[in-house]
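Me: I would like a close look at one part of this protein. Please keep it brisk and tie the part to its surroundings.

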Amino acid sequence: MSPVLTGFRAALGPLVLLAAVARAPYQCASEVDPDRRIYEDPSEALYDLAERFKASGDRGAHADTLRFLVERYPSSRFAEMARRDLAALGDAGAPGR
């Protein structure tokens, strides 16, 4: 094999690797838009469950689930919604009712 071809091969390998890395998508650690998530947040699942209890007429389970959501995930956006729902329930929001 000629020295020119060997040198060309030696220089081509790192260039190909550099080109592949330069075109690779970069992954950033950032918050994903809730509408584009591919998983369900636990607080979202609890809020959905509470809404199902409400739709089926089980007010006690509805309120208990909302309270659990607020206790377990107090900083989630669904906890704020649960707090508003509990405030709207008034005394009906007590556990076990």
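Is serine 76 buried or exposed? Start there, then take me through the surroundings.

Reply: Serine 76 is buried, because its relative accessibility is 18% and the cut-off for buried is under 20%. This is a predicted model, so the values below are computed from predicted coordinates.

Start with the position. Serine 76 sits in the loop between α3 and α4. Leave out residues up to four places away in sequence, and serine 76 touches Ser43 and Leu69. The contact with serine 43 includes a polar one, side chain to side chain, at 3.4 Å. Serine 43 falls within α2, which covers residues 42-56. Leu69 falls within α3, residues 59-72.

Leu69 leads into the core. Leu69 is one of the 11 residues of the largest nonpolar core. From α2, that core includes Leu46, Tyr47 and Ala50. From α3 come Ala63, Leu66, Leu69 and Val70. From α4, residues 77-89, come Phe78, Ala79, Ala82 and Leu86. Each of these three helices gives two or more residues to the core.

Now the helix before the loop. α3 has 14 residues, which at 1.5 Å a residue should span 20 Å. The C-alpha atoms at its ends are 20 Å apart, so the model agrees with that expectation. The buried residues of α3 are Gly60, Ala61, His62, Ala63, Thr65, Leu66, Leu69 and Val70. These buried residues pack against α2 and α4.

Two of them deserve a closer look. Leucine 66 lies in α3. Leucine 66 counts as buried because its relative accessibility is 0%. Beyond four places in sequence, leucine 66 is in contact with Tyr47, Ala50, Ala82, Asp85, Leu86 and Leu89. Tyr47 and Ala50 belong to the core too, as do Ala82 and Leu86. Take the pair leucine 66 and alanine 82. They are 16 residues apart in sequence. Their C-alpha atoms are 5.3 Å apart in space.

Histidine 62 is also in α3. At 4% relative accessibility, histidine 62 is buried. Its contacts beyond four places in sequence are Ala50, Glu51, Phe53, Lys54 and Leu89. Ala50 and Leu89 are also on the contact list of leucine 66. Histidine 62 is not a member of the nonpolar core.

Next, the charged pairs on the flanking helices. A search of the whole structure finds 2 salt bridges. One joins the side chains of arginine 52 and aspartate 48, N to O, at 3.3 Å. Both residues are in α2, 4 residues apart, which means a separation of about one helical turn. Arginine 52 is exposed, because its relative accessible area is 57%. Aspartate 48 is partly exposed, at 35%.

The other salt bridge joins the side chains of arginine 83 and glutamate 80, at 3.5 Å, N to O. These two residues are 3 apart in α4, so about one helical turn separates them. Arginine 83 is partly exposed, at 33% relative accessibility. Glutamate 80 is partly exposed too, at 39%.

Step back to the whole protein. There are 4 helices and 0 strands. From the N terminus, the order is α-α-α-α. Buried residues are 21% of the 97 residues. Among contacts with a separation of 6 or more, 45% link residues 24 or more positions apart.

Last, confidence. The mean pLDDT is 80 for the protein. At least 70 is reached by 60% of the residues. Helix α2 has the highest confidence, at a mean of 96. Helix α1, residues 3-23, has the lowest, at a mean of 67. Residues 92-97 have pLDDT below 50. That stretch still has 14 contacts in the model beyond near neighbours in sequence. Where pLDDT is low, predicted coordinates should not be read in detail.

To return to the starting point: serine 76 is a buried residue in the α3-α4 loop. Its side chain meets that of serine 43 in a polar contact, and serine 76 also touches Leu69, a member of the largest nonpolar core.

Note on methods
Residues numbered from 1 in each chain as written. Heavy atoms only, no water. Core = buried A, V, L, I, M, F, W, Y, C linked by side-chain atoms within 4.5 Å. Buried < 20%, exposed > 50% of the residue type's maximum accessible area, 1.4 Å probe, protein only. Expected span 1.5 Å × (residues − 1). Contact = heavy atoms within 4.5 Å. Salt bridge = Lys/Arg side-chain N within 4 Å of Asp/Glu carboxyl O. pLDDT = per-residue confidence, 0-100. Polar contact = N/O pair within 3.5 Å; in protein donor to acceptor, adjacent residues only side chain to side chain.
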